[in-house]
Structures are given as C-alpha cells and as structure tokens.
Amino acid sequence: MEQSQLEEVKSAALAQVMAAEDESALRDAEVALLGKKGTVSLLSRGISQVPPKERGAFGRAVNDVKKAVVEALTHAREGLREAAIQSELDDRSFDVTLPGIRPTGGTMHPLSQVQERLEETFIAMGYHVLDYLEVEDEFHNFEALNIPADHPARDMHDTFWTKDRLLLRTHTSPGQIRAMRTLEPPFRAVFPGKVFRYEAIDASHEHTFHQLEGLMIDRHVSVAHLNSSMQIMLSQIFGQELTIRLRPGYFPFVEPGFECDVQCMICGGAGCRVCKHSGWVEFLGCGLVHPNVLRSAGLDPDEWQGWAFGLGLSRLVMMQYGIDDIRHIMGGDLRFLRQFA
Amino acid sequence: MFISWNWLNRHVDLSGLDPHEVGQLFTLKVAELDGIHDIGEGLEAIRTVRIESVEPVEGAKKLSRVVVFDGEGERQIVCGAPNVRAAQGRVAVLAPPGATLPNGLEIREAEIRGIASAGMLASQKELGLSDEHAGIWLLNGIEPGMSLPDAIPVQDVVWEVDNKAITHRPDLWGHYGIAREVAVLTERSLRPLEPRVTLGHEERVTVSVQDLVRCPRYTALLIEDVDVKPSPEWLQALLRATGVRPISNVVDLTNFVMLDLGNPMHAFDTRYLATNGADQIEITVRAADSAESITTLDGVIRDLYDEDLLICDSEKPVALAGIMGGADSEIRSDTTSVLLEAATFQSRTVRRTSARLGLRTDSSARFEKTLDPYLPEKAAHHFCVELQKICPKATVVTPLVDISSALPAPKPIHLDPKLVSSRLGVDISVGHIRETLTKLGFVVQDRSDGYLLVQVPSWRATKDVAIVEDLIEEIGRLVGYSNIPPQAPSVVVKAPELPIAKLQERQARRYLSFGAGLHEVMSYGFTWRPMLDRLGADPSGRIEMDNTISAELDRMRRFLIPNLLNFAEKNARYESDFGLYEIGRVFQPIAPGVLPEQPRCAGGILVRRTDDHERLFRELRGVVEGLMDALGRPAVRLESTRGEDIGLREAWMHPSRSAQFIMDVAGTRTEVGFISLLHPRARDVIDTGKSSVAFFEVDLDLILSIASGPQKYEPLPKYPASTFDVSFEVSDTTSSADVQAAIVEGAGSELLRACELFGNYYLGDGKKSVSFHLTFRRDDGTLTDEQVHDIVNRSVAHLSASLGAVLRGG
C-alpha cells in the first residue's frame, strides 16, 4: 500500500470524525474507524503484503494514522463536552423557583416548644426541672399550701374531685411540697405541667391548662432576691432586658405575696391596647414561701426560707403566637398544629 | 366589688386628688383594681324639670304630650314612656335639644305626629347611670330647673376591685375599710364613724344563740315608726354607682351599711314575726334540721340540712343565716316596725350552705371571709343614725340585744425590726415600721429588748394578720416594692442534676416529630366518654370523677389512644395520611383513696390511606423501634405473641393484629407497651374515610427506669462478607419471626451474621413465601462458597423438619 493511500484513508477518517455532530455519531465513527473491522484497524492487515524491509516504515506510518484518528476523536469529544457545558450554562429554562419538596416531617406542639425553651433557660441557670403528679391529694394541693378546708381561697380553685376524694391538681404548687420533701436544700427547681380547674370552656377559659412553678430554698431569702430573680428569669424568657414591678397579690402559700408585672413590650410602658393602656402586663404570681408551707414540707422556717412563683404556660404560648382561642391548645387540630413546624 | 369615689369622700377628704392616680397607687400598694370607670360624664346639659301636664296624643296609643317647667319656662315634649301618664307634678330629667347622651344619641328639636317636641325625658339607662329603662326617671325631693349633676351627685368615679385580690381582707369589703387604706396612701386623715344612736329600754326582743361557734355574735334591735319610702337621691346615686338597685329606704340602708362597713345586715318586718305572751319577739339562732325548708326572699323553697344555720322566731325559720332572709318577713311599703339584725356568722357554715344551695349573695361573700366580731354593734348604730337622718320619726325602742361569745382580745405579735429589713432586703428604720403600722390601726409598743409588741386591730385579726410575715408584708407594700432594689441571690455552688427524665422526654418528642414525622397533640387527662362508648369499651378501671363539667368527661384516661382516636377522626375530615402522638400521664387506680399510678406514656396513631394493613403495622412498629433506639433502649422489642394471647382486652384493640412490647425489668419480663390495629368492630364506627388506623402506646417511665446498656464499638470487618438469599414456602400462619428463628437455629453457626426479611408474599391456598437476606462473614479469613452452602443447607433441612418449609429459591 502506498503512502498516498494511507493519506487518503487518514483524511477520510478525520473528515468522518469531524462530521460527527454529537456523541452518538462520534461513537459510530469510532467503531467504523477503530473497531475490529474499522477502516483504520484494517490498515494493519495490509502489512503482510508489504515487503519485509519496508514493514517497519509501513507500521510506523499506520500507527501515525491511528494516532491522528485517536487524537481527532479525543479532541472532538472535548469539543462536544465543552459545547454541552456551555449550553447548560447558557440554559435559562431551569426554574429555581419551583417549590421545595420536603421530607415528611411532623411538628412539636407549640406548648412543648415554649415549655422546652423555658426549661433550657432554667437548666442553664442551675435549676432542677421536675415533673409531678396530676392526680393529687387534698393535703398536697391545699392543706400543706396553707389553704385549709373552707378557706375562701379554695373558691379560686374550683376543683375536680374524684369519687374517692382525690383531686386533679388545681395548680402546680403541690410540687413545692414534693420538691422540698425530696431535694436537699439549698436548691432551685421548676416544675411545669398540666393543671385542672372546674370551669366551663370558652375562647379564654379551659378546664385543663399548663403552668410552670418555680421554687428556690436557701438560708436567707428576701424580697430583694425575689425581685432580682424574677427580673433575670423574665428577661431570659423573653430574650431581652425587661423592667418588672411587684405589687401586692394574694396567694395563701406565700407571705408576702405579689403579682409580678412586666413592662409592656409592645409600647415600652407608654400604654397600648395589649397592656390595656396601663403600660404593664400581669405576668405571674410570686412571693416568699409562707412559714406554714415550709413547716408542712418538713423545713424549719427559722433555718430555711424561699421564694416561689407560678406562671401560666398556656397563656404565655397564646401571647407569644397571638393565639386568640385557648381551645386550640388541647384541640388536636392539624390545621392548627402544622403552623408550628 | 365596686368602690365609689364620692362614697370614699364621706370618710376621707380626697379633694384635689385624681381618682385614677390614687387608683394606681391602690393597685400598687393594696390590691388590684380591674378597672376605673368614670360615670355620669357629660350630663351637665341634662336638666331637672317638673311635669305640669300630660295628655294622650291622638292616634298614638303609647305617646303622651307632656308640658314641663324647666325652671325658666314651659316647654312641650312628646314622650313614649308609660310611667309619664301618672307623673303629673313629679320632677323628671330632660335632655334638651343640643345635649348628647352617653350612648351617642344627639337630642334635636323634633316634630312627632305633628307635635313639636323640645327634648327628651330620659331614663336612667339612657343617661348611662344604670340598666333601669322601664320608664323615665322620676326624682324625689329635687327642684326643677337644675343641671342634673348639681341636683344629684351622679358624677362619680368607680373602682372595680378584683375580688380575688381581697379574699384575705374582710376589712376591704366595704368603703370604710378601703377609705382607711386610701387615707394612708394619700396621707389624709380618716374620719371616725358618727356617734351612736339613742337606744330604747323596752324589753320586746330576746335572742338566744344555740351555737356560739357558728354564730359568734348576734345583735338585734327594734325600730318603730318607720316610714318606708324611696331613699333620698344621694343614697340612690351611691347604690347605683356600686351596682346595687335602690328599693326602699330601709332595704337600701341595710345595703348601704354592708357596702360601707362590710357587715351584712337584715331587716325584718315585725308583723310577720311571732311574739310570745309578753309581746316579745324571741329570736333563736339554731341549726336546721333536715326535715325543714324555708322560702327565701327570691321566692325559692330551700330544703335544709343540719349543717345549715337558721334565724328563727318562736314559731318558724325566718332567715337563712348570713345568706338570705325569708320571703314572708321582707320589708314592704307599708312596714312601720323593723327588727334589725347585725351579726357575725362562722365562715365555714355560710360557705358550705351557700355552696350547696348554689346561692351566692353579697352577704354570703362577706361572711365567708370571717368578719370582725366587733363590727355588728357598729353596723347597727350606723344604720340607725343614717335611718333617723332620712326618716326622723323612726325610734329605736329596745336596747341593742347582744349575744356573743367572749370577744377575742387583740392578738399581740412580737416583731423583730431587724427581721423586717432582712426579709424585705432593704433597710427599714424602727421609726418607719412603727409609723406605718400605727397608721393602719395597729397598736405598737416598744419593748426593752428591741422588739416591737404589735397589737393587731380586730378588723385585721380574723384571718388576715397573725404572724410576723404578715406584718412584714404590711410594711413592704407601703414602703413600695419598687423601692426595694433587686439583689441577686447568693449562688448555690452545686452542680444541678440534669433532669434526665425530662431530657429523655424531649428526645422522644424530637424523634417522634422530626424522625417519625408525627404531629404532637395534647389532650385532656379525662377520657372522652362518647369515644369510649362508640368503641364499645368497658369504662371500668378508670378513675371516676365526682364532679364533671359534662357527662362526657366523667373518668380519667387509662390509655392515651381513645383521645387520639378522637383527634384522628376529626382530622381525617381534612387529611387522609397523617400521624399523631401525645406524651402525657395516664391514670391507673390502685385502691380507693390512694394516689393512682400515673406513668408518663407516649402514644401514637398512624392514619394511612392504604388497605395493606400488614404494611401499616410494620410502619408503626418501625416507628416504635426507632423510638426505643432514640431513647437508648434498643432492648425493648416487640413480642411476637398476638394480643389475644396476652390479655390486651380493650375493645378497640385488635385481638389478632396486635402485640406487646417487652423488656426485662429487674429480671422480670415486663410489658411496657402495645401496638395494634383498630378492632374491626371499632373500625366500623370510627370514620377515617378510606384510611386505616394503627396505634401504639408505651410506658416511658417504665422504659426509662431501666438503665440503658453500654454501647460498644465493634471493629470494622477485615474480610469481605458473603451474602445469600433464600426463599421458603411456609404455611401462611407461620410467622416470619419463627422462620427467622429457625434459620438462625438451623445454621447453628456464628458465621451467620445477619438474617433479614426482604419479602413476604401470600401465595393463596394457605401458603406464603418468605425471603431472607443472609450475611456470612469470618473475622479471620475469607469464607468459601462451600462453607456458606453447608450452613445454608443445615438451615434448609432444619426448616423443612420443624416448620414444613419448602425451599423456593436460593
């Protein structure tokens, strides 16, 4: 075979490669040229017809052709790939605004979310977090808390009674007695949970709601300590420095007892609809633990003192999310719950 | 309770003070005010007029043409009120053209039925003074031609005191007690009550009290020549402002004294009281007997019990002590002789009777607080003094008959002044303490040891002030809590125990919400009875309530599931695929009167639009297994025993498509929960559309009471594993767990590392195919195919022998 023939095969092969417009045409060309029966592959077979002396040169020449074709193929491939990349980069039909497809996720109840956040705050401040019984006895719910039988304060606690004269706790305060009887003073503890009041339900009243009670027992506890603790605690809860005020409030298990108001966070105390134009929002009840309560729990009031507070978790949740109907909290409606993902 | 600013001014000169500002101070230092209301504002243009003539309007039955004298001249008004017809000569109230009523109505000259009308004769309601709107307001003892606020003190500021905030302060249930506090707050002086009335000497009333514990003091006196008529306008205005409807001078004055001093009283018409041969009224205070009844003033017949206390004449009960008088002896317009009662009753007695009868009155609300036993005498004199002012002929003909137990002596409290500073956390001088307590009516004496001897005034001594802490509160509140600088408590230098149980509960919640994709709900501690009934469940074994909001909530929940089913059904109206869970306490009775077991449980429910119940069951089972892993308790596993074999008996559980979760608690195999499909009968009544329901419940407290095993690292394998898949045909009643156990047992080799089900197909004719993926591995070299085959063959032979399994492939 003449050199000119080889050149012919070569230029035909390169033309075929260059003519390929996409990867599949290129693959076809590759098979047609370099496959078992490809025109370029078949060139090697011609070597038998070449005189032995010239075989070396012929072989080299054939290899050159092969090499040129392989290079051409590689080059063509790179070109195609580059064109494809450029085309993808230039493509403006890809829609990034299509909605996300989420993994199937559930939700945590808003009350759990708020409660957990409060618990975290208290844990960070060195409090125990405890959980006490919901069916209680009269002693823990009333008597030990300085609310003897026929005390008018029992009116504030319309009570659910069981047939066997137990009751559903009307507040989380029985936890005070249980905590004092089990924890080694000094200590600080909070106990959130469900409480029950015998009253009809409407948008702002529920017979079942949630409270969070707090208790600190130490050797010397004053109103000044309580004031400071409430200020720190409420600032932590709301994540901003707050102004609070204490004013007289009546709870039989504390003496003195206080209502603790927070300066309205909406108007900063100037007065608005939320604070009913008073500049203050009533937030929790608190006070120094009544000596009778310390005694009921087995602590000597001359040795130990304490403060306690109780706040309405359900109410806090409603405030936080602007929920206008308390019945949603215990309502189990997915249309409500899904809003708190 | 409503407190009138005008009324307070009777006891303290508050001139120049702003009732709103003083109200703020009262909230900060005494008790919370729920509101401060201005009443009678904008009534300056309203005038008093005399009705000169009234004529019917032709063709309009209800209308009258009225000519009134307004002080300057006559004007003509058309009026539709029925009571105007008989009002000729009376003084009424005119809203002249140009006046605007509190409800926004602007008065204009008008022509009605062709008759010009120069204004409107107004009712109390139209003036915003009360709800009275039966007719126009007719005044007594008022001249025509005056501006209304000049004629009658209708303009007032009313404080609405939060009753809960004064539960412990019987002294604050009247204007005088409030005035005492206000005097201290404003640094003005409290006027003493007016002098006593002149009493008579006739022995026409006797009193006998059978139980001085339940009635510590009873006083009575007889008043003759009483002229019952409407109260003067000033008195009516005060009563209206405080929410009490004026009736007649005698009744109004009993209310007035109650609202002033806080001691309820009662007036009897003596015509309806029996007398003895000596013309004496014999009052007896005694316990009721359970066969008795009394018709109270409100016309209701009340059946009595022996816990009730009665006021009786010599023949019959005439009043329910401290709660309400009897209907017969009430004051009428022609009453001339009045027996006045002023007494103190035991709080518990009044509370019990009023609670049982559901009869809460202004009187019972006060007696429940335990009133000052020194008060009845003051109240009786106060009544008589005021009565004689408005009814000068009235004469007290008897002495004050006064039966009482020994009145309590003032209670002394030894107060260490240093303790006041220590408890409040701010320095308070002895002088300041002495001064503050004295202003409030405490008597303070210095003692040589530095202590103060403090005597509590009788009006604070019944339930309120008894110990040092109570005195500290008095000083603290008047110092002003905002004047106590906050002081951080000393740090407790002790690492707090982490609340493990709480943290695990959070872990469970996170897994169930974000791992398993369920939605957390909260439901009542009660079980929703209609759901239980629809499910056909036996409600026994649940704590029964004695009082219920509704019959639907009459028992506590023993399981979380029925409430969750209720929620599932509600939500199935909107969605067909979802899962709910709740973490909460359930209640398991132990014995009557003993606190029940109240474990925290986690319950979940899956609602899936599928007919493949086995698949649904597996999905939920996976959720629970994942929960156990999340809690670090992988040892809790499903027992393959069917529910029917292990006593899962609630009607909503599926006896043959349920199972229990088991763990080892202190060497004892313990049930910690269950998983089940809905019983087919329950499925028929619970409407979840085309979706099927499966649920689980586990006792978190029980699970978490067992320490989690230590988790250990396993070295990564050095040699590759060989895998082998096998399928068997077995009877469709053979459980996959049994097949799996047989494979492992038959293999009898530690080289079989895992045996996982990947197929379970029902073939019909009582057969099914189960396929397992087997994994073999050596730690010390590569396994040969022969070794694997040997083990598989042993398993196949064992399965064939023990379960009659036929190898289908492998």
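# Close-up views of a predicted two-chain model

**View 1. Val806(B) at the start of a strand.** At a relative accessibility of 46%, Val806(B) counts as partly exposed. The model shown in this and every other view is predicted. Val806(B) belongs to strand S37 of chain B, which covers residues 806-809. Ser727(B) lies 79 residues away along the chain. The C-alpha atoms of Val806(B) and Ser727(B) are nevertheless separated by 8.5 Å.

**View 2. Helix H4 of chain B, residues 175-186.** H4(B) has twelve residues. From first C-alpha to last, the helix reaches 16 Å. That is close to the 16 Å expected at 1.5 Å a residue. How many of the twelve residues of H4(B) are buried? Twelve of the twelve are, so the helix is largely enclosed by the rest of the structure. The buried residues include the nonpolar-named stretch Val182(B), Ala183(B), Val184(B) and Leu185(B). Also buried are His175(B), Tyr176(B), Arg180(B) and Glu181(B), among others. Just after the helix comes Glu187(B). The phi of Glu187(B) is positive, near 55°.

**View 3. A salt bridge between helices H4 and H12 of chain B.** Glu181(B) pairs with Arg477(B). Their closest N and O atoms are 2.9 Å apart. Glu181(B) sits in H4 and Arg477(B) in H12, residues 468-479, so the pair ties together parts that are 296 residues apart in sequence. Are the partners buried or exposed? Glu181(B) has 2% relative accessibility and counts as buried, because the cut-off is under 20%. Arg477(B) is buried too, at 2%.

**View 4. A salt bridge between a loop and strand S13 of chain B.** Arg204(B) forms a salt bridge with Glu224(B). The closest N and O atoms are 2.7 Å apart. Arg204(B) lies in the loop between H4 and strand S12 (205-209), and Glu224(B) in strand S13 (residues 217-224), so the bridge ties together parts 20 residues apart in sequence. Arg204(B) is partly exposed, with a relative accessible area of 22%. Glu224(B), at 16%, counts as buried. The boundary at 20% falls between these two values, so the partners get separate labels.

**View 5. A salt bridge from chain B to chain A.** The side chains of Glu575(B) and Arg338(A) meet with an N to O distance of 2.3 Å. This pair crosses between chains. On the chain B side, Glu575(B) is in the loop between helix H15 (561-571) and strand S28 (578-585). On the chain A side, Arg338(A) is in the segment after helix H11 (334-337). Arg338(A) is partly exposed, with a relative accessible area of 37%. Over all chains, a search of the whole structure finds 67 salt bridges.

**View 6. A patch of negative charge on chain B.** Six residues are shown on the surface: Asp18(B), Glu21(B), Asp38(B), Glu41(B), Glu44(B) and Asp150(B). Together they gather in a patch of negative charge. Where is Asp150(B) placed? Asp150(B) is in helix H3 of chain B, residues 148-151. With a relative accessible area of 60%, Asp150(B) is exposed. Patch members need over 30% relative accessible area, so Asp150(B) clears that cut-off.

**View 7. Two cis peptide bonds in chain A.** One cis bond runs from Pro185(A) to Pro186(A), with omega near -5°. Pro186(A) is found in the loop between helix H7 (174-182) and strand S4 (187-196). Another cis bond joins Glu255(A) and Pro256(A). Its omega is about -5°. Pro256(A) lies within strand S7 of chain A, residues 254-263.

**View 8. His277(A), a residue with positive phi.** His277(A) is not a glycine, yet its phi is positive, about 65°. The residue is in the loop between S7 and strand S8 (280-289) of chain A. Is His277(A) buried or exposed? At 60% relative accessibility, His277(A) counts as exposed.

**View 9. Thr370(B), a buried residue with positive phi.** Thr370(B) has a positive phi of about 70° and is not a glycine. Helix H8 (362-367) and helix H9 (375-390) of chain B flank the loop that holds Thr370(B). With a relative accessible area of 17%, Thr370(B) is buried.

Note on methods. Residues numbered from 1 in each chain as written. Chains lettered and ligands numbered in written order. Predicted model: local features only at pLDDT ≥ 70, side-chain atom pairs only at ≥ 80, totals over all residues. Heavy atoms only, no water. Patch = residues over 30% accessible without salt bridge, like charges linked within 9 Å, V, L, I, M, F, W, Y side chains within 5 Å. Areas by Shrake-Rupley, 256 points an atom, 1.4 Å probe, with all protein chains shown as cover. Salt bridge = Lys/Arg side-chain N within 4 Å of Asp/Glu carboxyl O. Lys, Arg positive; Asp, Glu negative; His and termini not counted. Charge placed at Lys NZ, Arg CZ, Asp CG, Glu CD. Helix = DSSP H or I, 4+ residues; strand = E, 2+ residues; numbered from the N terminus. Buried < 20%, exposed > 50% of the residue type's maximum accessible area, 1.4 Å probe, protein only. Expected span 1.5 Å × (residues − 1).
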